[in-house]
Amino acid sequence: MSAISFELIKKDPGCAARLGSLTTTHGRIKTPIFMPVGTQATVKAMTPEELVEVGSQIILANTYHLYLRPGHELVARLGGLHRFMHWDRPMLTDSGGFQVFSLGELRKISEEGVKFRSHIDGSKHFISPEVSIAIQEALGADIAMCFDECPPYPAERSYVQKSLELTTRWARRCKEAHSRPDQALFGIVQGGMHPDLRRESARQITDIGFDGYALGGLSVGEEKEVMHAMMQECSDILPENSPRYIMGIGAPEDLVEAVYNGFDMFDCVMPTRNARNGALFTSFGRINIKAAIYAEDQGPIDSACDCYVCRNYSRAYLRHLYRSQEILASRLNSWHNLHFFLNLMKQMREAIGRGEFVKFRQEFYAARTSC
């Protein structure tokens, strides 16, 4: 039996958008959903209680970073990641593949796995499909991801072809190594920005069979039109009755396009990273709270937003906090941005429920003056 169950509740009549319900060991998730990123067992600047208040149903943690510090064995001894970080809702761990491959000259890829040096202290390490699964089983998230190779962009077609074939072989090894019955395992589709290779990878990964399926290797520098085209290429190939996940995308327009194309799950550091840099998301686009025009602005970040920050604090105060380098600036900015992202997903679920996602998409773009 699978550690999760996915119910397809409704499909929008005008596009591929879909409403679903994903049940895991730690609870039920309404999809489509955005997952805040808790890289090192924390979503930066937010407590678990605050994450619940802004609408988080599931969060993501990072295998690579937790393997290096504090170590997955320690987390396991302390009761697993949920207990360690005081999070009792669903959680997903990535495989560590993207972080390892981002190390550039600090890593060496082979059929067996990847040798690399820690970005923290330069120490030598090795992660294979089997090691990645062992780490994720020790961490104990509800959903684990297969170890894959994420090709750079741009890359020669011959390299991307070899990369997707290696990803497929590693996916088989991940499935064979995975043994934790209360943890689901998702396969990852690669193939770069080549439509035929994306379709080939999707067929290979679905032939192996997993609890869910993800698109990796997007939002790595490609043009928006190319990213959206890759979504379209894969949506019809991935099984309808399994959750579909696009890894690492977070721009609001990309989330809307992904839902429009029939995907269910998303993650990105964008809301919290932008918050720490003073960039705030609104219903009409993105604003830079550092700008002098907000120095005496008594209005909220977004008059259409009902989050705690918009109900209680002015743009002028938030600008003051940021320019004063106060910790509260990161906290309040992160609170607002996460609420915006999670509320956007709620609005999309409601639009699909009404059978009006096409209309929602049109109104979303019409309201935005910048992004």
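Two strands count as paired here if DSSP finds at least two bridges between them. With that in hand, this predicted model can be walked through from its barrel outwards.

The barrel is made of eight strands, which close up in the order 4-5-6-10-11-12-13-14 with parallel pairing. Going from one strand to the next, the twist averages 30 degrees. Where strand 4 (residues 33-38) meets strand 14 (residues 265-268), the two run parallel and are joined by four bridges. At this seam, Pro 36 sits opposite Cys 268 of strand 14.

Next come the strands at the start of the chain. Strand 1 (residues 5-11) pairs with strand 2 in the antiparallel sense, over six bridges, and a hairpin of six residues links them. Glu 7 faces Ser 21 of strand 2 across this pairing. Strand 2 also pairs with strand 3 (residues 27-31), again antiparallel, this time over five bridges. The hairpin between strand 2 and strand 3 takes just two residues, and Thr 23 stands opposite Arg 28 in strand 3. As for strand 2 itself (residues 18-24), it is mostly covered, with six of its seven residues buried.

Two helices round off the picture. Helix 6 (residues 129-139) lies across strand 6 (91-93), strand 10 (143-145) and strand 11 (184-189), and runs at about 160 degrees to strand 10. Helix 10 (residues 252-260) is mostly tucked away, as eight of its nine residues are buried. Charged names turn up on that buried list too, including Glu 253, Asp 254 and Glu 257, alongside Leu 255 and Val 256. After helix 10 comes Gly 262, with a positive phi near 95 degrees.

Technical notes:
Residues numbered from 1 in each chain as written. Predicted model: local features only at pLDDT ≥ 70, side-chain atom pairs only at ≥ 80, totals over all residues. Heavy atoms only, no water. Axes fitted to C-alpha atoms, helices over the stretch in contact; angles between N-to-C directions. Contact = heavy atoms within 4.5 Å. Buried < 20%, exposed > 50% of the residue type's maximum accessible area, 1.4 Å probe, protein only.
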